[in-house]
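Grab a pencil and open the viewer. Here are a few short exercises, each with a solution you can follow step by step.

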Amino acid sequence: MKLPSSRYRGVVAQQSGKWGAQIYKKNERIWLGTFCTEVEAAQTYDLAARCLHETNAVTNFSTCSKSDKVAKAELNFLRSHTTDDILSMLRRHTYDEELNRTRDMHQIQHLQCNNATTFMPNKSEDRELLFFKLISHGDVGQHSRLLIPRKHAQKHFPVFQKSSGVDHKGVMINCEDEEGRIWRFRYAHWSSCNNHVLNGGWTQFAKEKCLRPGDEVQFWRVTNEVGDVRLCIECHTSKAATFPSQSPLELPLSQPDKMIRLFGVNVYVLHNK
């Protein structure tokens with residue numbers, strides 16, 4: 001069946017009924033991701049075009065609808081990040097969230113500078129530890145997924161309705177790491193084994209954070225002064241998983257009488273004195 005053509009630049013129809021966004025740079029095709037609506041895909045193309053070509057970009061929608069202040073703030077945001085960073089945000093569908101967070105931080109800093117004599121110091125953000133999870137081999141294996149303890153999943157994550165038909169597909173949730181980077185995970189409930197997992201996006205996260213069995217991830221709920229709530233994730237290396245520069249087997253031995261190799265391991269034999 002022939003797929004319908006889009007009325008928007010950089011938008012292509014998908015077999016699934018969704019819409020893909022793509023852009024070309026120096027005859028090289030850059031895929032921007034798949035979106036539920038044609039307009040959302042067209043808006044993503046426009047963002048990528050402004051990132052790559054700035055004021056010379058040819059877009060689907062005019063930027064005149066945005067105020068000069070908003071348009072300038074977005075242009076500064078684009079210029080303060082690399083092209084790869086922006087494209088990665090678009091693919092993870094976290095561009096708007098990171099743009100708004102940066103804009104809010106700049107507004108607070110501007111308010112502090114203009115009211116240095118009367119502005120009260122900001123209260124620290126309200127941080128609440130929701131739960132922690134020790135990394136297992138299955139969490140960072142070949143087909144990695146983070147298994148969420150059921151009691152914590154049911155208390156702190158979206159509740160799946162069996163009649164809704166999304167039980168096997170899951171929902172996308174955003175988590176902010178220690179560096180302020182937004183990660184987009186797919187949270188799903190596997191009814192066949194009654195497990196709650198983070199899978200989509202988790203593999204890349206575990207790889208970049210170099211997570212190993214025995215490490216720990218913590219989930220926090222952070223609330224700022226204006227009441228905005230966000231979910232944060234922190235990684236902690238386990239002392240047991242961290243090997244010292246010299247393990248006991250590698251420590252210098254005084255005059256070993258004999259060394260044999262057993263099952264691929266060097267074994268030093270000393271006589272009791």
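**Exercise 1.** Look just after H3 and find what phi histidine 93 takes.

*Solution.* Keep in mind that this is a predicted model. Start with helix H3, which covers residues 83–92. Its buried residues are Ile86, Leu87, Met89, Leu90 and Arg92. Now step just past the helix: histidine 93 has a positive phi of about 65 degrees.

**Exercise 2.** Work out how strands E6 and E7 pair.

*Solution.* First locate the two strands: E6 spans residues 171–176 and E7 spans residues 182–190. They pair in the antiparallel sense, over 6 bridges. Next, pick a facing couple: isoleucine 173 sits opposite phenylalanine 185 of E7. Finally, check the link. E6 and E7 make a hairpin with 5 residues between them, and glycine 180 in the turn shows a positive phi of about 85 degrees.

**Exercise 3.** Decide whether glutamate 176 is buried or exposed.

*Solution.* Glutamate 176 belongs to strand E6. Its relative accessibility is 8%. Buried means under 20%, so glutamate 176 counts as buried. Among the residues it touches are Arg101, Arg181 and Arg230.

**Exercise 4.** Do the same for histidine 196, then find its side-chain polar contact with tyrosine 187.

*Solution.* Histidine 196 lies in strand E8, residues 195–198. With 7% relative accessibility, histidine 196 counts as buried too. Its side chain and that of tyrosine 187 are joined by a polar contact of 3.0 Å. Other residues that histidine 196 touches include Leu146, Leu147, Ile148 and Ala188.

How values were computed:
Residues numbered from 1 in each chain as written. Predicted model: local features only at pLDDT ≥ 70, side-chain atom pairs only at ≥ 80, totals over all residues. Heavy atoms only, no water. Helix = DSSP H or I, 4+ residues; strand = E, 2+ residues; numbered from the N terminus. Buried < 20%, exposed > 50% of the residue type's maximum accessible area, 1.4 Å probe, protein only. Polar contact = N/O pair within 3.5 Å; in protein donor to acceptor, adjacent residues only side chain to side chain. Contact = heavy atoms within 4.5 Å. Pairing = 2+ DSSP bridges. Lists of a residue's contacts leave out its neighbours within four places in sequence.
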